[in-house]
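Colleague: Could you pick one part of this model and take me through it slowly? I'd like to know what sits beside it and what ties it to the rest.

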Amino acid sequence: MTGCSKKASYDDYEKVSMTASWTYNYGSVEELSKASDIVAVVKITDSECKKISDIPLTTFDAQVKQLICGNDEKEIKITMTGGIDKTEKKIYELDDDPLMQINDEYLIFANKNSDGTYTTLSGSQGRFEIEGNRVYSLNKSNAQVKKANVGSNIKVS
């Protein structure tokens, strides 16, 4: 297992793009809601990265700021493919699902995994950025996602 880090400044790190093939493309927020075990506004508070079979996985600690539906949990863990490898000086990231950042807030639509962690539905489709009092689809607010995920059709008004 290679060491990973959670620090925010990685200007001298090589970015390694990864791709994923999501099993389903959701058509609406309503459809995301029906398929989710939890819908909540969360704030990312910490992260831990490890490699399993050479695939970096990052588990983010998240404070549930507002539960919309699901079990009443104050803290959850969200697992994502990708991570920051301090030893290799590389950032591994899915093109259409960039790593979450500590202190950022998101509206998530997620399912619970057998280990108790959560995974957002279809990568960036199940995660919306929150800035102030506004909610943004990553396909609209993030240039990297917009370029890599042109097929996303979630509309937020």
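Modeller: Let's start with strand β2, residues 38–52, which pairs with strand β6, residues 105–112, in the antiparallel sense over six bridges. Two strands count as paired here if DSSP finds at least two bridges between them. Helices and strands are themselves DSSP runs, numbered from the N terminus: H or I over at least four residues for a helix, E over at least two for a strand. Before going further, the bookkeeping: this is a predicted model, so local features need pLDDT of at least 70 and side-chain atom pairs count only at pLDDT 80 or more, whereas totals for chains, interfaces and linings use all residues. Residues are numbered from 1 along each chain as its sequence is written, and side-chain values use heavy atoms, with hydrogens and water left out.

Back to β2. On the β6 side, Ala40 stands opposite Ile108. β2 also runs antiparallel to strand β3, residues 55–69, and 13 bridges join these two. There, Val39 has Cys69 of β3 as its bridge partner. As a reminder for reading the sheet, side chains in a regular strand alternate between its two faces.

Now the turn between β2 and β3. This hairpin has two residues between the strands, and Ser53 takes a positive phi near 55 degrees. Asp54 also has a positive phi, about 65 degrees, and is not a glycine. Asp54 belongs to the loop between β2 and β3. Those are worth a glance in your Ramachandran plot, since most residues other than glycine have a negative phi. Asp54 counts as exposed because its relative accessibility is 68%. The scale for that: buried is under 20% relative accessible area, exposed is over 50% and partly exposed is in between, with a 1.4 Å probe and protein chains only.

While you have the plot open, have a look at Lys89 too: this residue is not a glycine either, and its phi is positive at about 55 degrees. Lys89 is found in the loop between β4 (75–85) and β5 (90–94).

Next, charges. Side chains of opposite charge can pair when their charged atoms come close. The rule for a salt bridge is a side-chain nitrogen of Lys or Arg within 4 Å of a carboxyl oxygen of Asp or Glu, and the count comes to eight. One of them starts from β2: Lys51 forms a salt bridge with Asp85, with the closest N and O atoms 3.4 Å apart. Lys51 lies in strand β2 and Asp85 in strand β4, so the pair ties together parts that are 34 residues apart in sequence. Lys51 and Asp85 are both buried. Salt bridges that share partners join this pair to Glu88, so to speak, giving one network of Lys51, Asp85 and Glu88.

Lys89, the residue with the positive phi, meets Asp12 in another salt bridge, at 3.2 Å from N to O. That pair links distant parts of the chain, with Lys89 in the loop between β4 and β5 and Asp12 in the segment before β1 (14–18), 77 residues apart. Lys89 is partly exposed, with a relative accessible area of 40%, and Asp12 counts as exposed at 52%. There's also a salt bridge between Asp72 and Lys74, whose closest N and O atoms are 3.7 Å apart, and both of those residues are exposed.

What about cysteines? Cys49 counts as buried at 12% relative accessibility, while Cys69, the partner of Val39, is partly exposed at 30%. A disulfide would be a pair of cysteine sulfur atoms within 2.5 Å, and a search of the whole structure finds zero.

Beyond β6 there is one more link to follow. Ile108, which stands opposite Ala40, is among the residues touched by Thr120, as are Phe109 and Ala110, leaving out residues up to four places away in sequence. Touching, or contact, means heavy atoms within 4.5 Å. Thr120 sits in strand β7, residues 118–120, and is buried because its relative accessible area is 9%.

To set all this in context, the protein has three helices and nine strands, in the order β-α-β-β-β-β-β-β-β-β-α-α. Of its 157 residues, 41% are buried. Among contacts with a separation of 6 or more, 63% involve residues 24 or more positions apart.
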